[in-house]
Amino acid sequence: MRTKWSKKPVSAITCKQVTQLIMDYINNELDAKATKTFEVHLKDCNDCVAFLNTYKKTIAGVRSMKPEDVPQQIIEKVRYSIMKKLTIITFIAYLC
Amino acid sequence: MNNLNLIDEKGLNDFSTLLRLDDKRPYKEREASLIEGVKSGDHRSFNEIFEENFPRVYRLAHKLLGNSSEAEDVVQEVFLLVYRKTITFEGKSDFSTWLYRLTANTALSRLREIKKYRKVFVDEYLPQFNNDGHHKVRPVADWSLQVDKLVSDKQLSGLIHEAIDHLKPLDKAVIVMSDLEEMTNREIGNALGLSLQAVKSRLHRARLFLRGKLAVHLGYSLA
């Protein structure tokens, strides 16, 4: 029986290296050669495609958490407290 | 915090109205002159800086410390520092970067004092690899679509906050500033006194940790 040799290119990087480069890849901070190497690996590695999807989704999930509005009452409370202290500081500086 | 029983909500609103300047230009256009105003002791200029920056400063402090009371104390401390230190602010860095640095340093000092973070072995939630560089557990599951359900069920926020609380203070600060406050890596580095590479490294590790926590919550392996 003849063995069919795979014509698939041998990936130049490992899954572990892909994980290390993933943030730069998402941010488009890899150079052209590194990007191509990364994408060649993805073509043949469903594990890393799954990992990339879950990594991106984690970031998107965190970023979807909308910043909470700060209650106006808290702003006014802290402002009043600070201004009171500043008035005292200014008054003492004036006396000295 | 102070006993404010003698002043009602209307009183506080009237008080803040008195402090407002009439200048209607956007804040960024007025910032330089407001800083000069603070240097000469003008409380109304200080109030404008306070009003513009309070929400972001409070949110950062709140996310780092996890409760309103601590956050209020830190914010108060920060703005009093702003008042005192503006005299020496030379404008070499961006004012908001400088403000963030004060906030982060004050909150982190408080966090270290109260040992608010629970020590968790972060490494346990990071992806694992064999000697040949392949993922240890294969196939790696793609659970990305299930995160949408966590969002729609309003579970994600609690999970993320709980997970972030497990990080060490500096790692927590980096991910909060990056993914919750949308600061650039450079801004984060300037605020926390970290190199760009250090920011990226901590951010990546924190994200891998959060990913691991989500995987475990959804019933999958960490790989």
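Chain A has four helices and zero strands. Read along its sequence, the pattern of chain A is α-α-α-α. The model described here is a predicted one. Of the 96 residues in chain A, 38% count as buried. The surface that chain A exposes comes to about 6,500 Å², and carbon and sulfur atoms supply 57% of that area. Contacts in chain A can also be sorted by separation along the sequence: among those between residues at least 6 apart, 57% join residues at least 24 apart.

Two packed helices are described by the angle between their axes and the distance between the axes. In chain A, helix α1 covers residues 15–26 and helix α2 covers residues 32–44. These two helices pack at an angle of about 125°, and their axes are 11 Å apart. Angles of 65 to 115 degrees count as roughly perpendicular and those over 145 as roughly antiparallel, so α1(A) and α2(A) are classed as oblique to each other. Their crossing is left-handed. On the α1(A) side, the residues that meet α2(A) are C15(A), V18(A), L21(A), I22(A) and Y25(A). On the α2(A) side, the partners are T35(A), F38(A), E39(A), H41(A) and L42(A). The residues of this contact divide into seven nonpolar, two polar and one charged.

Chain B offers another helix pair. Helix α3 of chain B runs over residues 43–65, and helix α8 of chain B over residues 169–180. The angle at which they pack is about 135°, with 10 Å between their axes. As the angle is not over 145 degrees, the mark for roughly antiparallel, α3(B) and α8(B) are oblique to each other. The crossing of α3(B) and α8(B) is right-handed. From α3(B), the residues in contact are L60(B), K63(B) and L64(B). They meet K172(B), A173(B), V176(B), M177(B) and L180(B) in α8(B). Sorted by type, the residues of this contact are six nonpolar, no polar and two charged.

L60(B) also appears in the surroundings of T103(B). T103(B) is placed in helix α5 of chain B, which spans residues 95–114. With a relative accessible area of 0%, T103(B) is buried, because buried means under 20%. Leaving aside residues up to four places away in sequence, T103(B) touches V57(B), L60(B), A61(B), V74(B) and V78(B).

R30(B) lies in helix α2 of chain B, residues 27–39. The relative accessible area of R30(B) is 9%, so this residue is buried. Residues up to four places away in sequence not counted, R30(B) touches D23(B), R25(B) and E48(B).

The last residue to look at is L150(B), found in helix α6 of chain B, which takes in residues 144–152. L150(B) has a relative accessible area of 5% and is therefore buried. When residues up to four places away in sequence are not counted, L150(B) touches Q155(B), L156(B), L159(B), L214(B), H217(B) and L218(B). L150(B) and D123(B) are 27 residues apart in sequence, and their C-alpha atoms are 24 Å apart in space.

Definitions and conventions
Residues numbered from 1 in each chain as written. Chains lettered and ligands numbered in written order. Predicted model: local features only at pLDDT ≥ 70, side-chain atom pairs only at ≥ 80, totals over all residues. Heavy atoms only, no water. Axes fitted to C-alpha atoms, helices over the stretch in contact; angles between N-to-C directions. Parallel < 35°, antiparallel > 145°, perpendicular 65-115°, else oblique. Left-handed = near helix turned anticlockwise from the far one by under 90°. Contact = heavy atoms within 4.5 Å. Nonpolar A, V, L, I, M, F, W, Y, C, P; charged D, E, K, R; others polar. Buried < 20%, exposed > 50% of the residue type's maximum accessible area, 1.4 Å probe, protein only. Areas by Shrake-Rupley, 256 points an atom, 1.4 Å probe, with all protein chains shown as cover.
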